[in-house]
Amino acid sequence: MNECHLSTLNQDGKFKWWDINHNSRESQRLPLITNIAACVKPDIHSTCFNKNGRLDYFLLHMISGSLYVKTAHGVADICENDMIIIPPRTPYYLESTKEPFCYLCVHFTGSQALEKIEEYGLRLFPEINSLNLENHIQLRFKTLFEAIAKNDELREKELGILLERLFIEASRGVRNNEIDRIPLSRSIRHINEFYSTDIKITDLAKMESMCMTTFNLKFKAQMGMPPTKYIIKLRMEYALSLLETSNMSIAQIGDACGYSDVNFFSRTFKSFFGVSPTRYRAQFRI
């Protein structure tokens with residue numbers, strides 16, 4: 001049995017190997033600080049025992065195969081599309097089955113690390129965050145790898161931004177996976193799939209066989225916000241992603257998010273994030 005090590009990206013984009021406590025640190029300098037983003041893919045049966053735990057959070061997303069995970073808080077078998085988050089200073093033991101496996105992970109710290117985990121509804125181990133199959137979490141890890149490879153003076157801040165985007169994607173995946181087990185599943189799934197179209201609240205209420213008043217009350221009680229605000233939230237999250245990853249114009253992004261009037265889109269974006277989409281893109285690409 002081999003000890004499991006971490007692989008991360010060099011400046012040249014190639015993988016290198018680290019021991020399990022490499023760059024283990026805690027810091028309050030920034031809200032979110034990425035210590036390591038890694039891909040682990042051994043060819044043979046592997047174990048990993050960290051008897052003292054790390055000083056940072058350990059987020060692990062299973063790509064293929066399965067792992068047995070044990071801490072003082074509990075044990076679990078995790079498989080494809082499962083995500084766990086092990087808190088700092090938590091000794092842990094990982095063991096694979098005889099089949100090949102692969103997982104992506106990120107070790108992170110920061111003054112708002114726990115706050116952000118809770119804000120996006122992610123749960124700490126031994127609870128498992130199960131993501132739906134349509135989730136694009138691997139693309140978020142890819143952007144972390146690319147940012148690490150830049151190795152410039154703005155890398156740490158950029159990694160913090162990208163880590164929060166990863167949390168958002170994970171939150172969306174967990175949310176979609178749990179929808180079928182909760183009330184209002186038809187209307188919520190419809191919003192999650194078609195939020196960039198013209199959604200009428202009356203149509204959502206009909207899906208659930210409710211009057212408008214009852215639907216709005218139940219939706220707010222369940223989701224923590226009215227349906228109109230929930231739709232705007234999804235649109236704004238999508239707008240952030242397009243601003244970061246595409247070369248589309250602001251008008252094109254607004255249209256893709258359901259806003260035919262670019263001025264109205266810009267005002268909505270600024271009201272939601274406190275900065276215009278043009279300024280956000282400029283700051284992100286510095």
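A salt bridge here is a side-chain nitrogen of Lys or Arg within 4 Å of a carboxyl oxygen of Asp or Glu. Keep that in mind for the first part. One caution before the details: this is a predicted model.

By that criterion, the structure holds 16 salt bridges. I will go through some of them.

Start in helix 1, residues 113-119. K116 and E119 form a salt bridge there, with 3.4 Å between the closest N and O atoms. The two residues are 3 apart in sequence, about one turn of the helix. How accessible is each partner? K116 has a relative accessible area of 11%, so it is buried. E119 comes out at 47%, so this residue is partly exposed.

Next, R54 and D56. Their side chains meet in a salt bridge, at 2.8 Å from N to O. R54 is buried, at 2% relative accessibility. D56 is also listed at 2%, and counts as buried.

Now a pair that links distant parts of the chain. E244 and R165 form a salt bridge, the closest N and O atoms being 3.5 Å apart. E244 sits in helix 7 and R165 in helix 3, residues 155-178, with their positions 79 residues apart in the numbering. Are these two buried or exposed? Both are buried.

There is also a network of salt bridges, and its members are E169, R172, K233 and E237.

On to the aromatics. Searching the whole structure gives 15 aromatic pairs. Take Y195 and Y238. Their ring centres are 6.0 Å apart, and the planes stand at 75 degrees. Why is this pair called edge-to-face? The angle between planes is over 60 degrees, the cut-off for that class, so the 75 degrees of Y195 and Y238 makes the pair edge-to-face.

This pair, too, links distant parts of the chain. Y195 is in the loop between helix 4 (185-194) and helix 5 (201-207), whereas Y238 is in helix 7, residues 227-245. They are 43 residues apart. Y195 is buried, with a relative accessible area of 14%, while Y238 is partly exposed at 29%.

Further along, one aromatic cluster is formed by Y259, F264, F265, F269, F272, F273 and Y280. Y259 has a charged neighbour as well: R235 lies over the face of its ring, 4.9 Å from the ring centre.

To recap helix 7, E244 in that helix pairs with R165 in helix 3, and Y238 in that helix pairs with Y195 in the loop between helix 4 and helix 5. That is all I have.

Conventions
Residues are numbered from 1 along each chain as its sequence is written. This is a predicted model: local features need pLDDT of at least 70, side-chain atom pairs count only at pLDDT 80 or more; totals for chains, interfaces and linings use all residues. Side-chain values use heavy atoms; hydrogens and water are left out. Rings of Phe, Tyr and Trp (its six-membered ring) pair if their centres lie within 6.5 Å; planes under 30 degrees apart count as stacked, over 60 as edge-to-face and the rest as tilted. Helices (H or I, at least four residues) and strands (E, at least two) are DSSP runs, numbered from the N terminus. Buried means under 20% relative accessible area, exposed over 50%, partly exposed in between (1.4 Å probe, protein chains only). A charge sits over a ring if NZ of Lys or CZ of Arg is within 6 Å of the ring centre and within 35 degrees of the ring normal.
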